[in-house]
Amino acid sequence: MDFNDTPQEAAFRVEARTWLAAHAPAHELQPGVTIPDTEEAARGRAWMRELYEGGWSGLTFSKALGGRGLSGAEAVVFSEEEGRYHLPKGPFTSIGTGMALPVIAKHGNDEQRALYVEPTLKGDLTWCQLFSEPAAGSDLAALRTKAVRTDDGSGDWIVNGQKVWSSWAHLTDWGILVVRTDASVPKHKGLTFFVVDMKTPGIETRPIRQISGASEFNETFLTDVRIPDANRIGAVGEGWACCMTVLMGERLGSGAHRSGVEPLLDYAAKTPAAHGGTMLDDRAVRQQLAEALAEEQGERFFQARLRTMVSKGENPGALAGMVKLAYASRYQKVSGLGMELRGLDAIAPEAGDTFTPDLQYDYIYSTVMRIAGGADEVLRNQIAERVLGMPGEVRMDKDVPFEQLK
Amino acid sequence: MDFDLSDEQKMLAEQARGLLAERTPFDHLRKLIDSGAEWDEPLWRELGEMGFLGANVPEQFGGLGLSELDLGVISQELGRVNASVPFFSSIILAADAIRLAGSEAQKTEWLPKLVSGEVVACFASAEGPGPILGQKVEFSGGALKGTKSPVADAGIAQIAIVQAGASLVLVMLEQAGVERTKLESFDQLRPHYRLDFNAAQAELLPGTGQISTLLDRAAVQAAFEAVGGGEACLQMGRDYVMERQMFGRSLASYQAIKHKLADVAVGIELAKSNAYYGGWAAGASVDDLPGAAAAARLSAIKAFENAARENLQVHGGIGYTFEANCHFYYRRERMLAVILGNRGFWADRLLNAQPGTQGKAA
C-alpha cells in the first residue's frame with residue numbers, strides 16, 4: 001500500500017501541473033459570479049478545445065480514437081490537478097466524455113467511433129442525455145418513448161415521446177437517446193439506443209423551472225422525429241446494455257466533490273459566538289463537523305481503494321454506489337448545518353454576502369444529488385443485492401410483455 | 001498510488017482468520033464466560049508462537065519487523081472473532097508504550113517477552129468516570145501512589161504501564177505495594193480490575209511526550225478491531241435474515257432489512273478506508289497520523305456501533321438470548337467505544353489536526 005504517487009504518476013503530475021499553469025488561468029471562471037448559460041457552455045467548449053490541443057482530452061481513450069491511451073490512475077492525477085482551478089466544466093461537456101463516448105466506444109461501430117469520438121474530445125460536439133421520462137425514473141426500463149421503423153425502405157426510425165431531466169438539452173449538439181422499439185417483449189428487452197442531432201425537426205426542449213431557481217434541466221418533446229438507422233448504437237434490442245454502460249460511467253463519475261465541511265470549519269473558527277470564543281468552541285458544532293469530516297476523509301480513501309481496484313482490472317460494481325450514497329446525504333446535512341450556523345441571515349442575507357448564497361444553493365441542490373444518478377433507495381437495493389447477496393425486489397413486470405403492463 | 005493491502009498482507013489476514021475461526025468459535029466464547037475464565041490462554045500462546053504478537057515490533061526485539069498495517073490486519077481478525085486475549089492491552093498499548101518511551105534496556109528486557117506472549121502487560125490510564133487525564137496517581141522517587149480503575153486484563157498481567165500525568169511508568173504487579181480488585185466487566189470476555197498502588201516500586205519510561213502518539217497509534221488499531229467486529233456483525237445479520245422466513249418469504253427480501261444492512265455495509269467500508277490510511281500513515285506519513293487516527297477512530301466506532309445494534313435488531317427475540325451470538329459484539333463495541341476516550345475527545349483531536357481551526361471545547 002502506498003498512498004503517494006508512483007514515480008511514473010509523479011512525473012505525470014508535474015507534466016500536468018506545468019501545462020495547466022500555462023493554460024488554465026485564462027479559462028477560469030470568477031468565483032461567485034453567475035454568467036449566462038450560453039456563455040458557460042461556450043467557455044466549456046473552449047476549455048475542451050484547449051485540452052484537446054494540449055493532448056489532455058480523452059486521456060483514457062485509445063490513441064486510435066483520438067485519445068491518449070493512458071491508465072485510469074493518470075486520469076485521476078490529471079483531474080486532481082485540473083480541480084485546483086475553477087474551470088468551466090459541467091454536464092455540457094461531461095455527459096459527452098463520461099457517458100456518450102463510453103457507450104459509443106463499447107457498443108458502436110468503427111464508423112460511429114470515427115464520427116463522434118474525436119469531435120467530442122475537441123469540444124466540437126456536446127451532448128445531452130435523453131433517458132428519464134415522466135413515468136420512468138428509477139424504473140428507467142419502463143420508458144414509453146417509441147421508435148418505429150418507416151416502411152419507405154430507408155431504414156429510418158420515427159420517434160415519438162417525451163424525455164425529462166435532460167441537462168443542457170437546449171444548448172448541446174447531440175443527444176444519447178433510449179427508446180422502445182418492441183413492446184411485445186418484456187420491458188428491458190425491447191429497448192434500442194440511438195444518438196440524435198438535437199437540431200432534427202420535431203425535437204422541442206422546454207426548460208424546467210427548478211426549486212433552485214435555475215433551469216439547467218429540460219423536458220424534451222419528440223414528435224415524429226426521423227432518425228437514420230446509422231445513428232443506432234448497438235443492435236436493435238440492445239438498448240438496456242447500452243444504458244448500463246452509461247450508468248456505470250455516471251456512478252464512477254459521481255461523488256468526487258467535497259461536501260463543504262472545510263469552508264464551514266473555517267467559518268466557524270472565525271465567527272464569534274454569543275458567549276465569547278468562536279462558534280467552533282461549541283461542543284455540538286464540533287461534534288457534527290468532526291463526524292462529517294471523518295466520513296468525508298473515509299470516502300476519499302474509499303475512492304482511492306476503488307481506483308486501485310479499477311487500475312488492477314477489477315470491477316467495483318455496486319461498491320461504487322456507496323460513494324454517492326454517503327456523499328449526497330452528508331452534503332445535505334453539512335449545508336443544512338451551515339445555514340444554522342449562519343443564523344437568520346441564512347434566510348435573507350444582505351446584498352454583497354458571498355457566503356450565504358452558496359450555502360442556500362448547496363442545501364437546495366443536495367436534494368437532487370440524493371435522487372439523480374441512482375436515488376438513495378436504488379443504491380441501497382443495489383448494495384444489498386450485489387454486495388451482500390440479498391434477494392432482489394419483487395418485480396411484477398419482469399416477464400410480462402411491455403404492452404400488457406398497466 | 002496503490003491503495004490496497006499487499007498480497008502478503010492478504011495472506012497474513014487469511015492465515016490469522018483461519019486459525020482464529022478454528023480456535024475460537026462462539027461456543028468456545030460461551031464456555032469461557034460460563035467458567036469465569038480470565039482469558040483464552042491457549043490461544044494467546046499460539047498467537048505468540050505464530051509471531052502475530054510481534055508483527056510490528058523490530059526483529060532485534062523478537063518481533064517480525066512488519067508495519068502498522070500488518071498489525072492492523074491482525075487486529076481486524078481478532079475483532080472479527082471477538083477473541084478473549086489481552087492483545088490490545090499487552091501489545092497495542094503496553095508494548096508500544098515501551099517501544100515509544102522505554103530506554104534501550106527496558107526495550108531489550110520487556111519487548112521480547114511481550115511479543116512471545118510469555119509476559120502479559122496491562123495499560124492503566126483511566127481513573128474512574130470521566131475523561132482520561134492520569135492525574136490521580138503520583139510518581140516520585142521510584143514510588144507510585146494512587147488508584148487506576150478500570151484496567152483491562154490486570155488479573156493475568158505481570159506488569160503494568162501506568163499513565164501518571166504526562167509520564168509513563170512501569171510497575172511489576174507481583175509486589176506488596178500493588179492490590180488488584182476484580183470488577184464486574186460489561187465486556188464479559190475482557191476482565192477489568194481496580195489497581196491500588198501503595199508506594200509501589202515503579203520505574204519511569206524515560207521518553208517524554210509520547211502519550212499522544214501512543215494514543216493515535218492505538219486508535220488506528222482499535223479502528224481495525226472495530227472494523228473486524230463490524231464485518232462479523234454484518235455477516236451474521238445477513239446470514240440470519242437470508243435463512244429466516246417471515247410472512248411467507250425470506251426476511252432478507254424486505255427492503256427495510258436490505259436498506260438497514262446496506263447502510264451498515266457503507267459505514268464499514270468508509271471506516272475501513274480510514275483505518276487503512278491510518279495504518280499507512282502511522283508508518284509512512286507520520287505528520288498525517290493525528291488527523292488520520294482520529295478520523296479512523298470516529299468512523300470505526302460509528303460503523304461498529306451501527307453494525308452491533310442492527311445485527312441484534314434483525315435477529316429479533318433470539319438476539320436477546322445468550323445462545324445467539326449478537327451479544328458478544330454488542331458488549332465489545334461499547335468497550336471499544338470508550339477505551340481510548342470517547343467521541344467528543346476524538347472529535348477534538350480531529351479538528352485540532354486541521355490547519356487553522358484550533359478551538360477548544362466549551
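In the next few minutes I will go through chain B, its long helix α7, the nonpolar cores and the contact with chain A. Please keep in mind from the start that this is a predicted model, and that the values I quote are computed from it.

Let me begin with the overall build of chain B, whose secondary structure comes to 11 helices and 9 strands. The radius of gyration of chain B is 20 Å, which is close to the 21 Å that the globule rule gives for 362 residues, so chain B is as compact as a globular protein of that length. Along its principal axes, the C-alpha trace of this chain spans about 75 × 50 × 45 Å. Of the 362 residues in chain B, 55% count as buried. If we take the contacts in chain B with a separation of 6 or more, 73% of them are between residues 24 or more positions apart.

Now to the interior, where the largest nonpolar core has 164 residues, and where those with the most contacts inside the core are A160(B), I161(B), V171(B), A223(B) and L350(B). Which helix gives the most to this core? It is helix α7 of chain B, residues 211-243, with 17 residues. A second core, separate from that one, has 54 residues, and M48(A), V77(A), L171(A) and C243(A) are included in it.

Helix α7(B) deserves a moment of its own. At 1.5 Å a residue, its 33 residues should span 48 Å, and the end C-alpha atoms of α7(B) are 47 Å apart, which agrees. Because 27 of the 33 residues of α7(B) are buried, this helix is largely enclosed by the rest of the structure.

Let me return to L350(B), because leaving aside residues up to four places away in sequence, this leucine touches A290(A), L293(A) and A294(A) in chain A, together with G291(B), A294(B), A295(B) and L298(B) in chain B.

That brings us to the contact between the chains, which takes 42 residues from chain B and 44 residues from chain A. On the side of chain B that touches chain A, the helices α7, α8 (255-284), α9 (289-315) and α11 (343-352) each supply at least two residues, and the largest share, 14 residues, comes from α8(B). The residues on this side of chain B divide into 22 nonpolar, 12 polar and 8 charged.

Finally, a word on chain A, for which the domain assignment gives domain 1 (7-89), domain 2 (128-237) and domain 3 (254-387). The C-alpha centres of domain 2 and domain 3 of chain A lie 33 Å apart.

Technical notes:
Residues are numbered from 1 along each chain as its sequence is written. Chains are lettered from A and ligands numbered from 1 in the order in which they are written. This is a predicted model: local features need pLDDT of at least 70, side-chain atom pairs count only at pLDDT 80 or more; totals for chains, interfaces and linings use all residues. A nonpolar core is a set of buried Ala, Val, Leu, Ile, Met, Phe, Trp, Tyr and Cys residues joined through C-beta atoms within 7 Å. A residue is buried if 20 or more other C-beta atoms lie within 10 Å of its own, exposed if 12 or fewer, and partly exposed in between; C-beta atoms are placed from the backbone. Helices (H or I, at least four residues) and strands (E, at least two) are DSSP runs, numbered from the N terminus. Two residues are in contact if their C-beta atoms, placed from the backbone, lie within 7 Å. Ala, Val, Leu, Ile, Met, Phe, Trp, Tyr, Cys and Pro count as nonpolar, Asp, Glu, Lys and Arg as charged, and the others, Gly among them, as polar. Domain bounds come from an automatic or database domain assignment. The expected span of a helix is 1.5 Å times one less than its number of residues. The radius of gyration is taken over C-alpha atoms; the globule rule is 2.2 Å times the number of residues to the power 0.38.
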